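Subject: Handing over a structure, with notes on what was found

Dear colleague,

I am passing a structure on to you, with the sequence and the coordinates shown just below. Could you read the notes that follow alongside it?

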Amino acid sequence: MFGPHVEEELQDNLHLPIRVLGSELPAPLQLPACTSDMSKAEPQGYWSRKVWKSSVCNVRVFTQGDIQRCLADKTVYMQVFEYGKNSNWNITVRYRFHNFPIQGKFWLPLSQLSYAADELDAIRGGPDTVMILGLWAHFTAEPLDLIRSRLYAIRFAIHRLLQRGPGTKVFVRTGTTREHKKGKLQHYLLRSDWLAYQITEVIRETFWTDTGVVVLDTWDMSVCQPGKDNVHPDQAMVDNELNILLSYMTI
């Protein structure tokens, strides 16, 4: 039973005893392996010494050697790093920026832009192929119908990819909290956390029933992260997102 002060701000001079109960959360080794169905569950967890402890499935902490072994002989496509290759482990990473809308003051050749659905249709797929999609940050200023229609096209392209190349690993990342520079009004009107959360909800809704898609739900992680909110999260956040992704790949 909860005490009388749940979700209440305590006064500094409150003279009441505070009793801290032991954790009832299961240990990681008692949790089931991470599967695509698990990724649709309500995200639960907590941070401990800059490590995200999931309460849903067994998210491992991967060393550099673990990462190399997990990605060895695989091609990773990222729709949102430059092209790179680790010849020692035969790991290939291919990056393409998604097509419009694009926020920010930078130039990109049109030849570097590509719709995610087209990229998915151009891939053969298979057990050694990983596709990671991150489509939210540049869509916050647009109507929700735009991201919803884009995601539906992507969803059907994923279905075609999985039929063409069974065993392909597909990940769709949700939004995260972000910085709001110097309190500028445009950041609150066009890039607010409220807008990012609406897109996160649409992503969850779109892929809810898709067993072949893992939703990398990082919203709750970012809300309580130890570092500062940023659209490009700090190293602790990135490392733990990678731990989650690889935990779903090793089943």
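Glutamate 205 is a convenient place to begin: with a relative accessible area of 46%, this residue is partly exposed (buried means under 20% relative accessible area, exposed over 50%, and partly exposed in between, with a 1.4 Å probe and protein chains only). Please keep in mind that this is a predicted model, in which local features need pLDDT of at least 70 and side-chain atom pairs count only at pLDDT 80 or more, while totals for chains, interfaces and linings use all residues. Residues are numbered from 1 along each chain as its sequence is written, and side-chain values use heavy atoms, with hydrogens and water left out.

Overall picture

The protein has seven helices and nine strands, these being DSSP runs numbered from the N terminus (H or I with at least four residues for helices, E with at least two for strands). Of its 251 residues, 43% are buried. About 15,200 Å² is exposed, and carbon and sulfur atoms supply 55% of that area; accessible areas come from the Shrake-Rupley method with a 1.4 Å probe, and for residues only the protein chains shown count as cover.

Salt bridges

A salt bridge here is a side-chain nitrogen of Lys or Arg within 4 Å of a carboxyl oxygen of Asp or Glu, and by this rule the count comes to nine. Glutamate 205 takes part in one of them, with arginine 148 as its partner and an N to O distance of 3.7 Å. Arginine 148 lies in helix 3 and glutamate 205 in helix 5 (residues 193–206), so the pair ties together parts that are 57 residues apart in sequence. Arginine 148 is itself partly exposed, at a relative accessible area of 22%, and a network of salt bridges links Asp145, Arg148 and Glu205.

Arginine 160 and aspartate 121 also meet through their side chains in a salt bridge, at 3.0 Å from N to O. This pair joins distant parts of the chain, with arginine 160 in helix 3 (residues 144–164) and aspartate 121 in helix 2 (residues 116–121), 39 residues apart. Both partners are partly exposed, arginine 160 because its relative accessibility is 38% and aspartate 121 because its relative accessible area is 35%.

Arginine 204 pairs with aspartate 217, their closest N and O atoms being 2.7 Å apart. Here arginine 204 sits in helix 5, whereas aspartate 217 sits in the loop between strand 9 (213–216) and helix 6 (219–223), 13 residues away. Arginine 204 counts as buried because its relative accessibility is 17%, and aspartate 217 is buried as well, at 13%.

Core and helix 3

The largest nonpolar core (a set of buried Ala, Val, Leu, Ile, Met, Phe, Trp, Tyr and Cys residues joined through side-chain atoms within 4.5 Å) holds 28 residues, and Leu120, Leu133, Leu151, Ile154, Ile158, Ile203 and Phe207 touch the most other members. Two or more residues each come from helix 2, strand 7 (129–133), helix 3, strand 8, helix 5 and strand 9, with helix 3 giving the largest share, six residues. A second, separate core of 23 residues includes Trp47, Val76, Ile91 and Leu246.

Helix 3 itself has 21 residues and reaches 30 Å from its first C-alpha to its last, close to the 30 Å expected at 1.5 Å a residue; the expected span is 1.5 Å times one less than the number of residues. Its buried residues include Ile147, Leu151, Ile154 and Ile158, and the buried residues of this helix pack against helix 2, strand 7, strand 8, helix 5 and strand 9. Leucine 151, for instance, is in contact (heavy atoms within 4.5 Å) with Val202, Ile203, Thr206 and Phe207, residues up to four places away in sequence not being counted.

The loop after helix 3, and a surface patch

Glycine 165 lies in the loop between helix 3 and strand 8 (169–173) and counts as buried, at 3% relative accessibility. Neighbours within four places aside, glycine 165 is in contact with Arg124, Gly125 and Gly126, and its C-alpha atom is separated by 8.7 Å from that of isoleucine 123, 42 residues away along the chain.

On the surface, Leu185, Tyr188, Leu189 and Leu190 make a nonpolar patch of about 420 Å². Patches are made of residues with over 30% relative accessible area and no salt bridge, like charges being joined within 9 Å and nonpolar side chains (Val, Leu, Ile, Met, Phe, Trp, Tyr) within 5 Å. Leucine 185 lies in helix 4 (residues 185–190) and is exposed, with a relative accessible area of 59%.

With best regards
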